[in-house]
Amino acid sequence: MTFFVTNGTSTSNRVVQGALVAPDEIVFVDRNCHKSLEQAFTLDHGIPVYMVPTRNRYGILGPIPQHEMEPETLAKKLADHPLASKAKNKTPAAAVVTNSTYDGVCYDAVHSEELLGQTVNTIHYDEAWYGYAKFNPMYAGRFGMHEDTRPAGDRPTVITTQSTHKLLAALSQASMIHIKNGKHPLDHALFNEAFMMHASTSPQYGIIASLDVSSKMMDMGGNALMQESIDEAIRFRQMMARACGELDICKLGDWWFHAWQPDTVIMPDGKKVPFADADPEVLAHNPGCWVLRPGDVWHGFPDMSENWAMLDPIKVTVLTPGMNDDGTHAEFGIPAAVVLAYLDTKGIINEKSGDYNILFLFSMGVTKGKWGTLMSALFDFKTLFDKNTPLEEVLPDLVKAYPNRYGGMTLQTLAKEMHQYIKSTRQTQLANEACAVMPVPVMKPADAYRYIVKGQVEHVPVDKMANRIVATGVVPYPPGIPMLMPGENAGKADGPILMYLKTLQEFDRRFPGFAHDTHGVEAIDGTYYVYCIKE
């Protein structure tokens, strides 16, 4: 079954959860879920129990480890969870997994279904950024609607939600829901009731038409279109890897940007070669080149099982200097925020970024001319940086907006100040630690929302949030992953969550024009405030 949705995958996620989960039922959820899932639990009064994903030294989002999906682990989570352990119905309604992750890590969907299917009857893959996977053999077995020859009674029902507008040719807000029935089949008419609850009686027919056009495009030429995207992404990746040697820009002690990708690749003949020298045809057609192997330093995920996850070639993360392989900050660094400010002046827009990483999507239509513009801009930034160019020449609008802060400053000085602040506060490590700990859930998201409706909440400065129950989610953007869910305890004043928020607050005060966007947090005169339930 397929449903066309005209107001985004946020709505698709709410539709699916509304069709699966009744009040006080349990859902296993990827902690790196999108905030639309938080909203779904608020609407359906479900009890989310989280599977904890990994992050690497750059803050790049990795997969949920394989052991987190095993029946024994999930059973222990239920027993230890303050709310789930008290639920009348201990049978979980579903499991939710984000595939691929926002940084392009794709699961072995076949294996993840085998694991989760031992505990739940229905699996919901949020594939918002992954609607193209069916159309190229590179992604075989790594998406929810993969070919499955098992009898329906031997496998879970699988649902995928996809933002057709993100990486395919459809208008904004175009989305799809796909259902592959298994041992717990969903009735079309009953699922449609949940769908209609979120649908408008005045649909935007242009969006519906664009979904039809996009579907036909992929049906007729999806393989070729996706192959072109993969090929262009590989050309860019290899150019980044070759730049130091071939263009002689990385002399002894010099710096350059790098792409997050394997350092070496094993060719079909068993020979290991540097990524820059690998045959592009092999890279473009052999998924094994992109698998995150246990023990490899480049990906930075120590808890990795064999063949569990693969890097999507078209999601290219550019790394800026600043992090060592062991997760500590290097002496020299150029925070991504400084690079992004320059790229913005050139009209180059990224998808998301961290302290020292920038994600670019090589979707359909990204040609050599387009990624060549990005490459040129990176070269130009390096030249301007090495010349220690005044900010008035590099970021004139920033200096004009904040003359007292940035007037007379150079590009190197700004990067050095920002890097030293991030390093001294351990900002990157704090972000990882904040997302690795699970806050104590005091009440369901739906119960926390009741306090908002009744106005029984108050704005609390982050410095006074210790052990307070948040009424709204705290969600750093992009990509929109909750750090605190409604109804959770914010923890100790010196705990990683509040320490991280305080670090961001001080960063925003010190570097105006580079403020962070965190939903659920309101900055008033430089102070972070969050709605908490009145005591």
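1. A good place to start is Trp255: Lys382 lies over its face, 4.5 Å from the ring centre. "Over" here has cut-offs: NZ of Lys or CZ of Arg has to be within 6 Å of the ring centre and within 35 degrees of the ring normal. Arg31 is placed over the face of Tyr50, also with 4.5 Å to the ring centre.

2. A word on what you're looking at. This is a predicted model, where local features need pLDDT of at least 70, side-chain atom pairs count only at pLDDT 80 or more, and totals for chains, interfaces and linings use all residues. Residues are numbered from 1 along each chain as its sequence is written, and side-chain values use heavy atoms, with hydrogens and water left out.

3. Back to the rings. The whole structure has 27 aromatic pairs. Trp255 and Phe257 are edge-to-face, because their ring centres are 5.2 Å apart and their planes stand at 85°. For the terms: rings of Phe, Tyr and Trp (its six-membered ring) pair if their centres lie within 6.5 Å, with planes under 30 degrees apart called stacked, over 60 edge-to-face and the rest tilted.

4. How buried are these two? Trp255 has 8% relative accessibility and counts as buried, and Phe257, at 0%, counts as buried too. Buried means under 20% relative accessible area, exposed over 50% and partly exposed in between (1.4 Å probe, protein chains only).

5. Trp255 also pairs with Phe332: centres 6.4 Å apart, planes at 45°, so this one is tilted. Trp255 sits in the loop between α7 (205–246) and β9 (258–259), Phe332 in the loop between β13 (315–319) and α9 (336–345), so the pair ties together parts 77 residues apart in sequence. Helices (H or I, at least four residues) and strands (E, at least two) are DSSP runs numbered from the N terminus. Phe332 is partly exposed, at 37% relative accessibility.

6. Zoom out a little and ring pairs link a cluster: Trp255, Trp256, Phe257, Phe332, Tyr342, Phe379, Phe381 and Phe385.

7. Phe332 turns up again beside His419, a residue of helix α14 (residues 411–425). Leaving aside neighbours within four places in sequence, His419 is in contact (heavy atoms within 4.5 Å) with Gly322, His329, Ala330, Glu331, Phe332, Gly333, Pro335 and Tyr356. His419 counts as buried, at 1% relative accessibility.

8. One of those partners, Tyr356, makes a side-chain to side-chain polar contact with His419 at 2.6 Å. That term means a pair of N or O atoms within 3.5 Å; within protein, one must be able to donate a hydrogen and the other to accept it, and residues adjacent in sequence count only if both atoms are side-chain atoms.
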